[in-house]
Amino acid sequence: MVRGWSAALALSLTVAAVGGGAPVAVPKRGTATGAPTVTAVSPRHGKLDGGTRIKVVGTGFSHVQQVRFGTAPGRRVHVRVASAAGTSPARFADRYRYAPAPQVVLDPGHNGGNASHPAQVNRLVYAGYGRYKACNTTGTATNGGYPEHRFNWRVALLVRRLLVARGIKVLFTRSSDTGVGPCVNRRAAIESTRGTDAAVAIHADGAPSNGHGFHVNEDSRLPEGATRATRQKSTMLGRAIHCALVHGSGLVPATYVGNNGYNYRDDLAGLNLSTAPTSFLELGNMRNAHDARLQSSPSGRHRIAHAIAAGILGYLGW
């Protein structure tokens, strides 16, 4: 099905389901000036059941009659544009792959009911490398009283909305902002749900007020539950989100901890125990006036959430 048309150099289309290799008719525009050539397809892959919006870029798109996604059922096909002057040749640049939708787990840190259940959140649970720590904590807050658990929850909801709109399956480690826990080892188990392509823990820090900025926590040694390949993917995920935060969140790399927005530690159960590619974010210092203004405002949270989503999408190549 055609979703739109843009000038002579690009077609904007909605992809049919896998195996739907029948020609897609498009509106005729202009006069044929030569056989089409496809130079790029973006994105290069989409859902098995179709519905992915893609842009086909190339030359000779005047008076286009059809766009074909392969000629037979298959998961990797050539996108070929046909006009009155001919059909674009199959080439590497026009390949499109049907793929299952990625799965992402978002872990909004802490929970709104933790403070009223100290016995439950203070009990010790396994955190990796033979270490035990509290099931969970209450989190921090801005000097104005805006709690971290609420910031984490609202940012996670925004990120989920952005990812779902791109066809990604999203799981949460908690179902509301009024509950208790779950414990950090349980969160790691949810992050390790079968089929998870990326897991992201969403937090904010509480540090001396003169320090500001975000940082990405990474395990300082091989996570207990992960392979070396998974650790490498975790590093790539963290790098992608770091880049997106620098360019779009309104936060700078932390000035008070780590190095250029990266901090290495071995005491975080979410990193130690997860078997999926995982990134643990501290999205600014809530005790710093600049960061707190961003965290406390809807517009600031939108900027941060859009940057996180952009980093995840960039990592997934989606």
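**Exercise 1. Aromatic pairs**

How many aromatic pairs does a search of the whole structure find? Which kind of pair do Tyr126 and Tyr132 form?

*Solution.* Keep in mind that you are working with a predicted model.

Step 1. Searching the whole structure gives 3 aromatic pairs.

Step 2. For Tyr126 and Tyr132, the ring centres are 5.3 Å apart and the planes stand at 65 degrees. Centres within 6.5 Å make a pair, and planes over 60 degrees apart count as edge-to-face. The pair of Tyr126 and Tyr132 is therefore edge-to-face.

Step 3. Now look at accessibility. Tyr126 has a relative accessibility of 27% and counts as partly exposed, while Tyr132, at 53%, counts as exposed.

**Exercise 2. A pair between a helix and a strand**

Work out which parts of the chain the rings of Trp153 and Phe172 tie together, and decide for Trp153: buried or exposed?

*Solution.*

Step 1. The ring centres of Trp153 and Phe172 lie 5.5 Å apart with planes at 85 degrees, so this pair is edge-to-face.

Step 2. Trp153 belongs to helix H2 (residues 148-164) and Phe172 to strand S14, so the pair links parts 19 residues apart in sequence.

Step 3. Buried means under 20% relative accessible area. With 14%, Trp153 is therefore buried; Phe172, with 15%, is buried too.

Step 4. Phe172 has another partner to find: the charged end of Arg160 sits over its ring, 4.4 Å from the centre.

**Exercise 3. The sheet around S14**

Where in the sheet order does strand S14 stand, and which strand does S14 pair with in the parallel sense?

*Solution.*

Step 1. Write down the order of this open sheet of 6 strands: S14-S11-S15-S18-S16-S17, with mixed pairing.

Step 2. Read off the ends. Strands S14 (169-172) and S17 (262-265) are the edge strands, each pairing on one side only.

Step 3. Check the twist: on average, neighbouring strands are turned by 25 degrees against each other, direction ignored.

Step 4. S14 pairs in the parallel sense with strand S11 (residues 103-108), over 4 bridges. Within this pairing, Gln103 stands opposite Lys169 of S14.

**Exercise 4. Helices on the sheet**

Which strands does helix H4 touch, and which does helix H6 touch?

*Solution.*

Step 1. Helix H4 (residues 228-248) packs on the sheet and touches S15 (198-205), S16 (215-219), S17 and S18 (278-285). The directions of H4 and S18 make about 30 degrees.

Step 2. Helix H6 (residues 289-296) also packs on the sheet, touching S15 and S18. Its direction makes about 115 degrees with that of S18.

Step 3. Finish with one more charge over a ring: the charged end of Arg239 sits over Tyr262, 4.2 Å from the ring centre.

Methods: Residues numbered from 1 in each chain as written. Predicted model: local features only at pLDDT ≥ 70, side-chain atom pairs only at ≥ 80, totals over all residues. Heavy atoms only, no water. Pairing = 2+ DSSP bridges. Helix = DSSP H or I, 4+ residues; strand = E, 2+ residues; numbered from the N terminus. Axes fitted to C-alpha atoms, helices over the stretch in contact; angles between N-to-C directions. Contact = heavy atoms within 4.5 Å. Phe/Tyr/Trp six-rings, centres within 6.5 Å; stacked < 30°, edge-to-face > 60°. Buried < 20%, exposed > 50% of the residue type's maximum accessible area, 1.4 Å probe, protein only. Lys NZ or Arg CZ within 6 Å of the ring centre and 35° of its normal.
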